[in-house]
Structure formats: structure tokens, C-alpha cells
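Subject: Handing over the structure

Dear colleague,

I am passing on the structure we spoke about, and below it you will find what came out of looking through it. Please keep it open beside this email as you read.

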Amino acid sequence: MKRTIDNRSSNFAKHLTGEILKGQYACGEKLLSERNLGELYKLSRETVRTGLSELFRIGVLERRGKGAYISSEAIEIIEQSRSSGDCRVVVIIPLRLYSNPLYFRIFETMRELLEYRLTLKVVFSAESVEYLVSQVGGDDVAVVFGDSWTEEDLRRVRDNCRSLILVNRDEEGYNYIEPDNYAGGRMMAEYVYSCGHRNIGGVIYWPKVSQEFADRVNGARDFLAERGCELILTETPSMPNVEMAGWLLRYYKKNHPELTAVLCFQDIFAISLYEVAFEEGIQIPEQLGIVGFDDCGYSSMLQPPLTTIRYPAENMGKELAGAVMSIFSSGAQEFHKKIMPVLQTRSSVMNINKSVNNKKRNPIKEEIVS
């Protein structure tokens, strides 16, 4: 007889099954008393008793004398229950983005909120839409990261499941969640502008960029244009990130020596510039201010620490979990959400207004820029 965890069982029972799967409790181990469990998890004794009763009922726990023990079949029973659940989320990630830290933060936040409520399945794919279609079912909600698949591919996946949500992609006719990249680009430009910078360049592969990066560039360019300034961009050759950043900085040094700041529309470009600036004898931020975008894990530990736009991964994960639960609970289908990023102000941009007054500011070349 198949034993499943009733979806009405207490959150405590679900939490306890998760702890067992993680190895916090081993098969054969004796549990604390109801009173001690209540104190540990800050729950009433009645809540603890209800949760334990559910786990006794399905065989995750067993009695030995007066004690409660994890049964030898506990893990098998829990996994069987989860895999047979009607509510399943299938997360689809392009194989090339397997190690993307931002996507991992989104996924981890969503997973923590859904782990004891729904079954999660992760699918990595290089390009086969046939494989993706085979991995989803009629009752599933598919969550698709990135922009690797065509609109036709997405349609085929959506037609084979309950609902589909795009992450980091805005496609007409689809549910989606993404950062407000345009607003983030405006934040970058607004910050350097408020620090007195008027000669500002952009560091990005240009003009061949995906929509998310184009939105960042357009946000910065529009903000500056509204104030009579221009974001200086130039067509870049196809080369690795580090080499491109170096090429671009040398280009600006030769052709736009008046620049006092650059907006790097991805942190990797900003990080690359630190070494190139050293090699070119350019001091950060005294001669060149740098702003990044993403707030990767290392940005705050650079010298000087990098001012950057924090990608709202955690908030996206929370909104994504809420959207999934809403689809399963009420059948809600429409979900179009842009999450606002946050400016992280550090030390990689100098305030020209103050430094010019003190006659300490030097741009890439020796003349002072007002």
C-alpha cells in the first residue's frame, strides 16, 4: 500500500521530513520529547503532537517503548511521497548557465520557500526542446531561466504543462519575472552624475547585446540625455570579457581622455578593469570612477570596493515562489513582474564636486574636468 504525506499535515511534520532528508536526523535515531521539540522549534505541544501523529501514521516514525524513533524506511517513504505528489514545479535551466551564481540565488530562495509544500524537479538542457517537453506534465508549473529557447520552443513546453513562468526574460503572452534592468541603468548614471561626472563611458559588448543588457544601457543613456550628457559607447570586437574590457579602456584613454567614469553593465567587466587600470597607470577612483552591475560575491572585497547595482535575486526568488503557489492554489495565470534592483554605494567612484574644489582631481589625462 502506497503511503503518502497528507497535504493537510502540519508544517512541523513537513519540516521534520525535510530535516530527515538532509541528514539532521538519522534512521534509528530517537527524537526529543514532545515538550523538548516544542521548545526547540517554538511550537505548542499540541502542534508537535499533531505533526508527530501524522508521521507515525505513514511510517516515518515508529514507537519503541515510550520513545519516538526514525524508522528504517523513513527516507524511502518521504521520497516516495514527494515524487508522487500532484503539485510539481519543473525548473528548466540552460546547461551553459549551470554555475551562474545569480540564477542559483534565485533558485535557492524559491526552493527554501517551496521545499515543504511542493515537489521540485530541475532539468538542464543544452538545446533539445524535445527533451524539455518530455520532462513536464499536464499538472506541472514550468519555470524557465534565461533566453536560450525560441518563442516556439516555449510555446511547446507551455502547451504541455499547467503554466509556464519565464525568469529574466520578458516575452509577450507569457508570465515572467525579471529585474528592472532599465531602472538599474538609470541608477548607475544617476549616481555618477550626482558625484559631478559629466564625461561617462560604457563598458559592454556593443551593439550586439541581449535585451537585459540593452535595457541597462538604455536606462543609463536616457538619464544622461535628459540632462544634456552623452553616454559614450563604441563598437567592440568579439573577444573574451577580460580582453574586451582592456581593449575598451585603452580605446577610451586614447580617443576620449576626458572620461572621468565608466559604467560597466556587468560586474565581470568592472573587475577586469581593475587590473587593466593598474597596467595603464590609472588610479581608481582618483582618475577613473567605475560602477558595476550585479553585485557578485567578490565586488565588496575589491580594493577599492566596487560601487554596483545589486541584482535582486532573493526578491525574485520570493516573488517566484509566491507566483507558483498562487497558480496551484487559485489557478491564477497572469504574472508580469519587474523587481527593482538596489544601488550598493562603495568606494570606486570619487565625488568630483568635492575633489575639484580641493584641486585633487585628475582625469585619465592631466587636465581637470569640470
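Val122 counts as partly exposed, because its relative accessibility comes to 37%, and you can find this residue in strand β4, which covers residues 119-125. Please bear in mind throughout that this is a predicted model. Together with Leu95, Tyr98 and Phe124, Val122 makes a nonpolar surface patch of about 380 Å².

From there I turned to the charged side chains, where a search of the whole structure finds 26 salt bridges. Three of these pairs are worth following one by one.

In the first pair to look at, Glu46 forms a salt bridge with Arg49, and the closest N and O atoms are 3.3 Å apart. Both residues belong to helix α3 (residues 45-58), and because they are three residues apart there, about one helical turn separates them. Glu46 is partly exposed, with a relative accessible area of 48%, and Arg49 is also classed as partly exposed, at 34%.

The next pair is Arg169 and Glu171, whose side chains meet in a salt bridge with an N to O distance of 3.0 Å. Here both Arg169 and Glu171 are buried.

What does the pair Glu280 and Arg250 tie together? Their side chains meet in a salt bridge of 2.9 Å, N to O. Glu280 lies in the loop between α11 (267-279) and β11, whereas Arg250 sits in helix α10 (residues 241-255), so this pair ties together parts that are 30 residues apart in sequence. Glu280 is partly exposed, with a relative accessible area of 24%, and Arg250 is partly exposed as well, with a value of 37%.

Finally, there is a group of residues that goes beyond a pair, since Arg105, Asp295, Arg310, Glu314 and Arg346 are linked in a network of salt bridges. Is Asp295, one member of that network, buried or exposed? Asp295 is buried, because its relative accessible area is 7%, which is under the 20% that marks the limit for buried residues. In the chain, Asp295 is found in the loop between β11 (289-294) and β12 (307-310), and a polar contact of 2.9 Å joins its side chain to that of Arg310. If neighbours within four places in sequence are left aside, the residues in contact with Asp295 are Arg105, Asp267, Thr308, Ile309, Arg310, Gln344 and Arg346.

With best wishes,
A colleague

Definitions and conventions. Residues are numbered from 1 along each chain as its sequence is written. This is a predicted model: local features need pLDDT of at least 70, side-chain atom pairs count only at pLDDT 80 or more; totals for chains, interfaces and linings use all residues. Side-chain values use heavy atoms; hydrogens and water are left out. Helices (H or I, at least four residues) and strands (E, at least two) are DSSP runs, numbered from the N terminus. Buried means under 20% relative accessible area, exposed over 50%, partly exposed in between (1.4 Å probe, protein chains only). A polar contact is a pair of N or O atoms within 3.5 Å; within protein, one must be able to donate a hydrogen and the other to accept it, and residues adjacent in sequence count only if both atoms are side-chain atoms. Contact means heavy atoms within 4.5 Å. Patches are made of residues with over 30% relative accessible area and no salt bridge: like charges are joined within 9 Å, nonpolar side chains (Val, Leu, Ile, Met, Phe, Trp, Tyr) within 5 Å. Accessible areas come from the Shrake-Rupley method with a 1.4 Å probe; for residues, only the protein chains shown count as cover. A salt bridge is a side-chain nitrogen of Lys or Arg within 4 Å of a carboxyl oxygen of Asp or Glu.
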